[in-house]
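Biologist: Got a minute to walk me through this one? I'd like to take it piece by piece.

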Amino acid sequence: MICERCKADVTEDEIVDHGSQQVCEDCAMTLMSPSKACDPWAVKMASSSIGSKEDAVKALKEPELSLYNLVISKGRVPREEIAPKLGLEASELERAFSVLRHMELLRGEKRADNGVDILPFDK
Ligand SMILES: [Zn+2]
């Protein structure tokens with residue numbers, strides 16, 4: 001299935017109906033979040049023409065940088081453990097993750113217990 005918003009290729013059970021659109025869980029989260037209104041930083045990061053992954057990482061700011069470093073150092077982190085670890089609100093974490101996911105630095109993977117682990121995009 002292709003998310004109609006970010007065009008990510010996700011599995012069928014990650015697709016959520018949002019009005020007339022079928023979007024991935026991250027986009028659904030973003031669309032439903034009150035903080036989505038105007039976030040130039042996220043939009044810039046997600047749509048920027050930053051070339052290599054190294055350049056992208058160098059351009060990261062907080063809280064994306066902390067999130068990225070945490071996941072890279074651990075290899076895999078349960079999503080629900082991240083916000084308290086980094087001292088972030090759940091909505092801040094979702095936004096940071098959404099940026100990193102669209103930059104193809106991190107991705108989520110559903111666990112057997114229906115939770116989600118965050119791991120490096122290329123793992
Ligand atoms: Zn999406």
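Modeller: Sure! One term before we start: two residues are in contact if their C-beta atoms, placed from the backbone, lie within 7 Å. Keep in mind that this is a predicted model.

Biologist: Among contacts between residues at least 6 apart in sequence, what share joins residues at least 24 apart?

Modeller: Here we take just the contacts between residues at least 6 apart in sequence. Then we ask how many of those join residues at least 24 apart, and the share is 45%.

Biologist: What pattern do the helices and strands follow along the sequence?

Modeller: There are six helices and five strands to place. Read along the sequence, they go β-β-α-α-α-α-β-α-α-β-β.

Biologist: Which residue stands opposite Ile-15 in S2?

Modeller: Strand S1 covers residues 15–18 and strand S2 covers residues 21–24. They pair in the antiparallel sense, over four bridges. Opposite Ile-15 you'll find Cys-24.

Biologist: And which residue in that hairpin takes a positive phi?

Modeller: The hairpin has two residues between its strands. The one with a positive phi, near 60°, is Gly-19.

Biologist: On to H4: within what arc do its buried residues fall?

Modeller: H4 spans residues 64–74, and its buried residues are Glu-64, Leu-67, Tyr-68 and Val-71. Looking down the helix axis, they line one face of H4, because they fall within an arc of 95°.

Biologist: Which helices and strands do those buried residues pack against?

Modeller: Quite a list! The buried residues of H4 pack against helices H3, H5 and H6, plus strands S3, S4 and S5.

How values were computed: Residues numbered from 1 in each chain as written. Predicted model: local features only at pLDDT ≥ 70, side-chain atom pairs only at ≥ 80, totals over all residues. Pairing = 2+ DSSP bridges. Buried ≥ 20, exposed ≤ 12 C-beta atoms within 10 Å, placed from the backbone. Arc of directions from axis to C-beta.
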